[in-house]
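Welcome to a short tour of this protein. Take a moment to turn the structure around before reading on.

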Amino acid sequence: MIRALWTAASGMRSQQLAVDTIAHNLSNVNTTGFRRSRVEMQDLKYTQVIPAGSGPTPSPLLVGQGVKPASTQRSFRMGSLQPTGGQLDFAIEGQGFFQVRLASGALAYTRDGSFKLNLDGELVTGSGYRLVVSGDGKIPAGATEISISPDGRITALAPDSSAPVEVGQVILADFPNPGGLESLGDNLFGVTGATGEVTTGAPGTGGSGRLIQGYLEMSNVEVVQEMMDLIMAQRAYELNSRALKSADEMLGLANQIRR
C-alpha cells in the first residue's frame with residue numbers, strides 16, 4: 001500500500017508537468033515562430049518479486065514503481081503563414097533558422113521573422129538582437145523601399161538614388177537534430193551538444209527554405225489538440241489522485257486492525 005502511494009504520487013507529478021507544458025503552449029498560441037512542446041514519459045524501474053524462469057510459471061512477477069518525465073519533445077512542424085504586408089517581416093518557407101547575435105557575442109537562432117531597424121540601420125529582433133547577414137547589411141537612412149528576395153538578398157532604395165542597391169544577404173542555419181535546441185526565451189533557441197554541427201547557407205540552398213517578404217510564420221500550436229491533451233492530462237491526474245486516496249484508505253484500514 002505504501003508503494004501505491006508513491007506510485008500514484010509519481011503519476012500526479014508527471015501529469016502536473018504535462019499540464020504546465022500545455023498551459024505554456026496555449027499561452028504562446030499567438031507568438032510568432034513559437035514551437036509547441038509535449039512531455040514524454042517513461043515507466044520507472046520494476047520491483048522483481050519472482051524472477052522469470054525461477055518458478056513453475058514462465059512469466060515473472062513484477063510490480064511497477066510509477067512514471068517519470070523523460071524529456072520535452074518540441075515540434076518543428078511549420079506554422080501557418082500570415083500576411084502582414086510589412087517590409088521587415090520575413091517568413092522561412094521550409095527548414096532553417098534566422099541567426100541573431102546576442103549581446104554576449106554568441107549566436108542564437110529563431111523562426112521569428114518580425115524584424116525592425118535600429119539606429120544604425122541594422123535589422124534586429126524585437127529584443128534588439130542583430131540579424132546575421134553577409135555583407136554590410138545596413139539599410140541607408142531614409143530608404144523608401146526595402147526588399148528581400150527568396151534567396152535572402154536585401155536591397156534598399158536610398159532617397160538620393162534612382163535604383164535599389166544590395167546591402168547584404170540573409171544566411172540561414174540548420175541542424176541535424178533541431179529537437180536538441182535549447183529554448184532561451186525571446187523566441188530564441190541556443191545550440192546544445194545534442195543539436196549536431198550547424199550548417200549555414202543562403203535561403204533555398206542545402207535544403208533550407210526560401211524567404212517570403214510581408215509574411216510571418218505563426219505559432220504551430222493547435223488549440224483543439226492542446227485542449228484534448230489538457231483533458232487527458234486532467235483525467236489522468238484525477239485517476240492518480242483516486243488511486244492515492246484508495247491506498248491511503250487501505251492503509252487506514254490496516255492500522256485499525258486489533259488483536
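Let us begin with one residue and its surroundings. Beyond its neighbours within four places in sequence, Thr 32 is in contact with Asp 112, Gly 113, Asn 187, Leu 216 and Glu 217. Please keep in mind that this is a predicted model. Where does Thr 32 lie? Its place is the loop between helix H1 and strand S1, the latter covering residues 37-43. Is Thr 32 buried or exposed? With a relative accessible area of 15%, Thr 32 is buried, because values under 20% count as such.

**The helix pair**

From that loop we can step back to H1 itself. H1 spans residues 2-27 and packs with helix H2, residues 223-255, at an angle of about 160 degrees. The axes of H1 and H2 are 8 Å apart. Angles over 145 degrees count as roughly antiparallel, so H1 is roughly antiparallel to H2. The crossing in which H1 passes H2 is left-handed. What kinds of residues make up the contact of H1 with H2? They divide into 20 nonpolar, six polar and three charged.

**The open sheet**

Now for the strands. An open sheet is formed by four strands with antiparallel pairing, and their order is S12-S15-S14-S13. Which strands stand at the edges? They are S12 (133-134) and S13 (145-148); each has a single partner strand, so one side of each is left without a neighbour in the sheet.

Two of the pairings can be set side by side:

| Strands | Residues of the second strand | Bridges | A bridge pair |
|---|---|---|---|
| S13 and S14 | S14: residues 153-157 | four bridges | Glu 145 and Leu 157 |
| S14 and S15 | S15: residues 165-170 | four bridges | Arg 153 and Gln 169 |

S14 takes part in both pairings: S13 and S14 run antiparallel, and S14 and S15 also pair in the antiparallel sense. In the pairing with S13, Leu 157 of S14 is the bridge partner of Glu 145. In the pairing with S15, Arg 153 has Gln 169 as its bridge partner.

S13 and S14 also form a hairpin, with four residues between the strands. What phi does Gly 152 take in this hairpin? Gly 152 has a positive phi near 90 degrees.

Methods. Residues are numbered from 1 along each chain as its sequence is written. This is a predicted model: local features need pLDDT of at least 70, side-chain atom pairs count only at pLDDT 80 or more; totals for chains, interfaces and linings use all residues. Side-chain values use heavy atoms; hydrogens and water are left out. Axes are lines fitted to C-alpha atoms, for helices over the stretch in contact, and angles run from 0 to 180 degrees between N-to-C directions. Helices (H or I, at least four residues) and strands (E, at least two) are DSSP runs, numbered from the N terminus. Angles under 35 degrees count as roughly parallel, over 145 as roughly antiparallel, 65 to 115 as roughly perpendicular and the rest as oblique. A crossing is left-handed if the near helix is turned anticlockwise from the far one by less than a right angle, and right-handed if clockwise. Ala, Val, Leu, Ile, Met, Phe, Trp, Tyr, Cys and Pro count as nonpolar, Asp, Glu, Lys and Arg as charged, and the others, Gly among them, as polar. Two strands pair if DSSP finds at least two bridges between them. Buried means under 20% relative accessible area, exposed over 50%, partly exposed in between (1.4 Å probe, protein chains only). Contact means heavy atoms within 4.5 Å.
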